[in-house]
Amino acid sequence: MYQYDDIDKAMVKDRVAEFRRQVDRRISGDITEDEFKPMRLMNGLYLQLHAYMLRVAIPYGTLSSDQLRVLASIARDYDKGYGHVSTRQNMQFNWPKLIDTPDILDRLADAEMHAIQTSGNCIRNTTTDPFAGAAAGEVEDPRITCEIIRQWSTFHPEFSFLPRKFKIAVSATEEDRAAIAVHDIGLQMIRNDAGEPGFKVLVGGGQGRTPYIAEEIREFLPQAELLSYLEAILRVYNVDGRRDNIYKARIKILVNEMGVEDFRVAVEREFDGFRAMGPAGSIDLPEAERARIAQYFEAPAFEALPETSDAFEKAKASDPLFAAWARFNLHPHKEAGYASATISLKPNDEPPGDVTADQMVALAAIADRYGFSDIRTTHEQNMVLPHLKLDDLYAVWQALEAAGLGSANAGLISDIIACPGLDYCNLANTRSIPVANRIQSRFADPRRQAEIGELKIKISGCINACGHHHVGHIGILGVDKKGEEFYQLTLGGSADEDAAIGEIVGRGLSTDDVVNAVERVVDSYLALRLSPDERFIDAYRRLGAEPFKEALYDKAA
Amino acid sequence: MTKLLRLSDGAMVDAPVGDVLDIAHDQDIMAEAPALDGVAAVRLIFPKFKDGRAFSQARVLRTRYGFTGEIRASGDLLPDQAAFARRVGIDTVEDIKAERLEDFHFALKAYRFAYQPAEHGAPAHSLRGGTQ
């Protein structure tokens with residue numbers, strides 16, 4: 001993974017010194033909360049319902065085991081013993097004290113980490129495939145591009161006060177595990193007919209109260225010109241994006257109001273301007289610097305192994321719990337004899353995405369022993385060990401089980417994305433975590449979950465859609481009606497390469513009825529599917545919303 | 001005499017004599033070039049600190065139109081934005097409150113490095129061995 005040099009270290013240390021001074025001024029009363037707010041937000045510090053929340057950046061979801069241990073120490077020393085993986089692959093701490101936050105940032109800086117631009121109207125953490133560097137079919141490791149974007153976007157002098165926040169995602173495979181179509185900019189790495197690497201560029205996707213699937217703005221962007229093209233898009237957005245209404249300030253609204261063709265013309269005009277400046281005036285990265293960054297993402301020293309492992313096959317045959325975990329939580333690896341494992345942070349009855357300090361320490365040790373010290377966070381609020389030998393998987397799983405990290409439910413109905421909701425968030429209308437837990441309880445039987453197969457439930461406690469309900473196979477949106485919590489179902493959403501916004505079905509459901517409604521939808525799917533191989537989302541795409549609506553109403557009536 | 005904060009060295013200086021061309025914060029100078037012939041100084045406006053359009057305007061003035069005169073910032077520019085302002089090519093800030101001066105001075109030297117190529121300061125990659 002990327003290693004800081006003296007310049008990178010100075011950058012995060014200078015940031016800590018600056019923030020320490022800002023906090024001192026706030027605590028002494030030199031500056032008001034209004035003046036302090038934009039400064040703390042640029043450092044990932046929110047004021048929530050009960051306390052401050054600090055969002056630590058995990059650039060493109062990649063962590064070393066040492067970094068994970070530092071996060072564990074922060075959870076232990078400054079929080080209530082746990083952290084929370086967010087849908088931008090970051091980690092949130094819900095209970096830090098303001099006066100401690102400079103020390104927390106200092107500790108992060110020593111571990112080559114930070115909380116820079118994890119909030120505010122700036123370019124946020126770039127996200128990518130949690131299986132980056134491990135998945136088959138990559139043009140190259142997408143984290144090279146992500147790190148280039150991280151450095152370019154850090155303290156960008158022109159783009160730190162945008163109309164609204166700005167999110168970029170990168171995918172390097174045909175399968176999209178980074179949800180690029182619901183990002184402000186989505187970059188898909190491809191090769192052109194000449195075999196040269198570059199990007200298909202999507203723009204204007206997003207969730208929130210007005211969801212859009214991103215539109216293609218450029219069929220092929222040469223890799224070397226990435227930053228000038230990003231600057232062109234950001235400049236058009238910075239100048240022309242709406243600033244009169246916070247709900248219309250994202251780039252998706254600008255692209256929609258201008259139309260993608262006019263938007264493309266404006267971007268290409270700026271892009272031509274950069275090209276006209278020639279190599280001397282170019283803001284693009286020199287090839288040598290690209291190569292310097294790329295070398296940090298070279299593959300670890302994989303062993304030459306057979307495709308299959310007797311030890312792995314035997315363990316599956318003798319231990320059904322392990323076999324279930326292996327069935328759902330493993331992802332194929334590009335190297336023979338290896339696999340990637342999803343570490344589910346969705347055990348029943350816990351807040352989705354929470355991980356305790358002890359679990360972080362245990363996971364770090366497992367990664368050191370079996371997985372090249374490499375750990376990932378995922379936008380689905382889980383973690384990943386990307387490089388494991390098949391031979392080691394049984395031992396890995398036993399160690400995960402011992403730490404309470406062995407839930408065999410990746411991609412299943414209990415692997416739910418949920419926003420923090422009214423339990424933490426001052427924007428929320430409703431609670432999210434208890435609904436997730438009640439769905440988990442209803443479908444607690446592992447055989448029933450296995451029979452249902454892949455089904456992605458995503459829950460947002462308000463229209464801001466932080467729980468990604470628009471792209472849930474079943475989405476659940478919490479709404480407040482005269483002081484009472486109601487939940488609106490959406491069906492058929494998807495965040496993959498066939499991205500779609502879910503369709504709203506039926507009226508709002510009461511807290512009591514929402515889990516019943518999910519169960520009715522699931523039961524109707526089981527009755528309607530052609531075979532167990534037809535996933536919920538496939539059946540929905542074949543049949544549309546009608547049969548599911550009918551099931552809802554018939555039995556609800 | 002109007003006093004200006006000069007971002008290159010943090011000094012308070014007298015405003016030069018002469019006309020200043022005001023460019024409104026919502027003027028799209030990318031689509032339509034401003035009349036810069038014979039203009040010695042341009043004033044860009046920050047109506048609120050959150051409104052970062054002037055950062056782009058300054059960059060476009062410098063790189064697209066090759067404007068070499070003074071670019072002055074006016075309005076609600078926070079001390080914490082001073083280094084950004086300097087890096088996009090803004091030279092001076094007007095109407096600085098005296099009690100804010102120390103904060104501006106701190107902000108102007110808070111960071112030793114920057115990642116991006118800009119009007120001032122070498123980008124990090126040009127300082128890294130062998131990448132010049």
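Let's start at a strand pair in this predicted model: strand E16 of chain A is joined by two bridges to strand E17 (residues 457-460) of chain A, and the two run parallel. From there the tour takes in the rest of that sheet, the helices around it, a second sheet in chain A, and the side of chain A that touches chain B. Chain A holds 19 helices and 20 strands, while chain B has four helices and six strands.

**The sheet E16 to E20 of chain A**

- Within the E16–E17 pair, A:Ala418 has A:Ile459 of E17(A) as its bridge partner.
- The pair belongs to an open sheet of five strands in chain A, with the order E16-E17-E18-E19-E20 and mixed pairing.
- At the edges sit strand E16 (417-418) and strand E20 (503-510) of chain A, each of which pairs on one side only.
- E17(A) also pairs with E18(A), in the parallel sense and over four bridges.
- Here A:Ile457 is found opposite A:Ile474 of E18(A).
- The sense changes at the next step, where E18(A) and E19(A) run antiparallel and are joined by eight bridges.
- One of the facing pairs there is A:Asp480 with its bridge partner A:Glu485 in E19(A).
- E18(A) and E19(A) make a hairpin that leaves two residues between the strands, and A:Lys482 in the turn has a positive phi of about 50°.

**Helices H15 and H17 of chain A**

- Helix H15 (residues 433-442) of chain A lies across four strands of this sheet, namely E16, E17, E18 (474-481) and E19 (484-491), and runs at about 155° to E17(A).
- H15(A) also meets helix H17 (residues 511-528) of chain A: their axes come within 10 Å and cross at roughly 50°.
- With that angle, H15(A) is oblique to H17(A).
- The crossing in which H15(A) passes H17(A) is right-handed.
- H15(A) brings A:Val435, A:Arg438, A:Ile439 and A:Arg442 to the contact, and H17(A) brings A:Val514, A:Val515, A:Val518 and A:Glu519.
- Sorted by class, this contact of H15(A) with H17(A) has five nonpolar and three charged residues, with no polar ones.

**The sheet E6 to E10 of chain A**

- Chain A has another open sheet of five strands, in the order E6-E7-E8-E9-E10, and its pairing is mixed.
- Its edge strands are E6 (127-128) and E10 (215-222) of chain A, each pairing on one side only.
- Strand E9 (residues 197-203) of chain A runs antiparallel to E10(A), with five bridges joining them.
- In this pair, A:Val201 faces A:Arg218 of E10(A), the two standing opposite each other.

**Helices H5 and H10 of chain A**

- H5(A) lies across E6, strand E7 (168-171) and strand E8 (185-191) of chain A, at about 155° to E7(A).
- Helix H5 (residues 142-153) of chain A packs with helix H10 (residues 287-295) of chain A at an angle of about 120°, and their axes are 9 Å apart.
- H5(A) and H10(A) are therefore oblique to each other.
- As H5(A) passes H10(A), the crossing is right-handed.
- The contact residues are A:Ile144, A:Glu147 and A:Ile148 from H5(A), together with A:Arg290, A:Ile293 and A:Ala294 from H10(A).
- By class, four of the residues in the contact of H5(A) with H10(A) are nonpolar and two are charged, while none is polar.

**Where chain A touches chain B**

- The contact between the chains involves 34 residues of chain A and 32 residues of chain B.
- On the chain A side, the elements that give two or more residues are helix H1 (6-28), helix H2 (33-41), H5, helix H6 (226-240), helix H8 (260-276) and H10.
- H1(A) gives the most to this side, with six residues.
- The chain A side has 16 nonpolar, seven polar and 11 charged residues.

**Overall build of the two chains**

- Chain A has a radius of gyration of 23 Å, which agrees with the value near 24 Å for a compact globule of 557 residues.
- Along the principal axes, the C-alpha atoms of chain A fill a box of roughly 65 × 60 × 60 Å.
- Chain B, read along the sequence, follows the pattern β-β-β-β-α-β-α-β-α-α.
- Chain B has a radius of gyration of 15 Å, close to the 14 Å that the globule rule gives for 132 residues, so chain B is as compact as a globular protein of that length.
- The C-alpha trace of chain B spans about 45 × 40 × 25 Å along its principal axes.

Methods: Residues numbered from 1 in each chain as written. Chains lettered and ligands numbered in written order. Predicted model: local features only at pLDDT ≥ 70, side-chain atom pairs only at ≥ 80, totals over all residues. Pairing = 2+ DSSP bridges. Contact = placed C-beta atoms within 7 Å. Axes fitted to C-alpha atoms, helices over the stretch in contact; angles between N-to-C directions. Parallel < 35°, antiparallel > 145°, perpendicular 65-115°, else oblique. Left-handed = near helix turned anticlockwise from the far one by under 90°. Nonpolar A, V, L, I, M, F, W, Y, C, P; charged D, E, K, R; others polar. Rg over C-alpha atoms; globule rule 2.2 N^0.38 Å.
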